[in-house]
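Biologist: I've got some "why do you call it that" questions for you. Can we go through them with the model on screen?

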Amino acid sequence: MNKENIILASSSPRRIEIMHQNGIYPTIMPADVDETIPQGSEMQDAVMYLALKKALFVEEKVLESNHNNPVIIAADTVVYKDKVIGKPKDRQDAYDILWNLKGEAHYVATGVCILQAGTSIRHCFYEITKVFFKDYTEKEINAYLDTPEPYDKAGAYAIQGTFGKYVDHIEGDLNNVIGFPWNRIEKEYNKIFMNHK
């Protein structure tokens with residue numbers, strides 16, 4: 001993977017940290033887009049749609065300031081159980097989400113879009129992980145909701161944070177649940193740019 005000239009279309013500390021752990025120090029350009037998902041979208045379509053929207057937003061800004069065709073990586077994550085669940089609107093919403101997920105399995109889908117600004121290279125894909133929660137009490141949910149952690153997370157929890165203790169087990173990639181399936185991203189990146197040499 002070429003470690004130069006990469007823009008991450010996100011200010012998520014978790015996504016930035018995963019890139020840093022892999023020796024990549026991208027330019028950070030968060031995408032300020034409306035994250036409303038089209039009605040009736042499947043989870044994999046919803047996350048790819050939002051990842052592409054973020055990547056295109058950053059591409060437009062980059063082309064205005066005439067950067068030299070950087071590669072933009074954008075991602076979006078949702079939780080799915082009976083319906084697509086994004087970030088909670090408020091404390092009550094966060095409570096309802098966590099109450100609905102307890103003692104059950106749900107899916108976490110992350111969509112990723114890799115594009116090279118000003119070229120025809122546009123590649124979106126998704127990764128899905130199944131997460132199994134333990135049973136927890138009303139009191140435990142409320143204690144968690146007293147922390148700032150759940151409010152900017154899809155599904156109102158962070159698996160790598162204090163809520164991790166309520167996760168029984170997962171099937172799939174842990175980084176995907178954190179919001180950035182690195183192994184898959186690297187594989188897809190190498191595939192795209194091998195084909196475009």
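Modeller: Sure. This is a predicted model, and strand S3 gives the most to the lining of the largest pocket, with four residues.

Biologist: Which other elements give two or more residues to that lining?

Modeller: Besides S3 (71-81), there are helix H1 (13-21), helix H2 (43-64) and helix H5 (174-178).

Biologist: How many residues line the largest pocket, and which lie nearest its centre?

Modeller: The lining has 36 residues, and Glu35, Asp76, Thr77, Lys87 and Ala154 lie nearest the centre. The volume of this pocket is about 730 Å³. As for chemistry, the lining splits into 17 nonpolar, eleven polar and eight charged residues.

Biologist: Now the helices: why is H3 called oblique to H4?

Modeller: H3 (residues 91-101) and H4 (residues 138-145) pack at about 140 degrees, their axes 10 Å apart. Roughly antiparallel needs an angle over 145, and roughly perpendicular covers 65 to 115, so about 140 degrees falls in neither class and H3 counts as oblique to H4.

Biologist: What makes the contact?

Modeller: H3 brings Arg91, Ala94, Tyr95, Leu98 and Trp99, while H4 brings Glu138, Ile141, Asn142, Tyr144 and Leu145. Those contact residues comprise seven nonpolar, one polar and two charged.

Biologist: And which hand does the crossing have?

Modeller: H3 passes H4 in a right-handed crossing.

Terms used:
Residues numbered from 1 in each chain as written. Predicted model: local features only at pLDDT ≥ 70, side-chain atom pairs only at ≥ 80, totals over all residues. Heavy atoms only, no water. Axes fitted to C-alpha atoms, helices over the stretch in contact; angles between N-to-C directions. Parallel < 35°, antiparallel > 145°, perpendicular 65-115°, else oblique. Left-handed = near helix turned anticlockwise from the far one by under 90°. Contact = heavy atoms within 4.5 Å. Nonpolar A, V, L, I, M, F, W, Y, C, P; charged D, E, K, R; others polar. 1 Å grid on protein atoms, 1.4 Å probe; cavity = no way out; pocket = protein on both sides within 12 Å on 5 of 7 lines; lining within 4 Å. Points joined across faces, edges and corners; volume = space filled by probe spheres on them.
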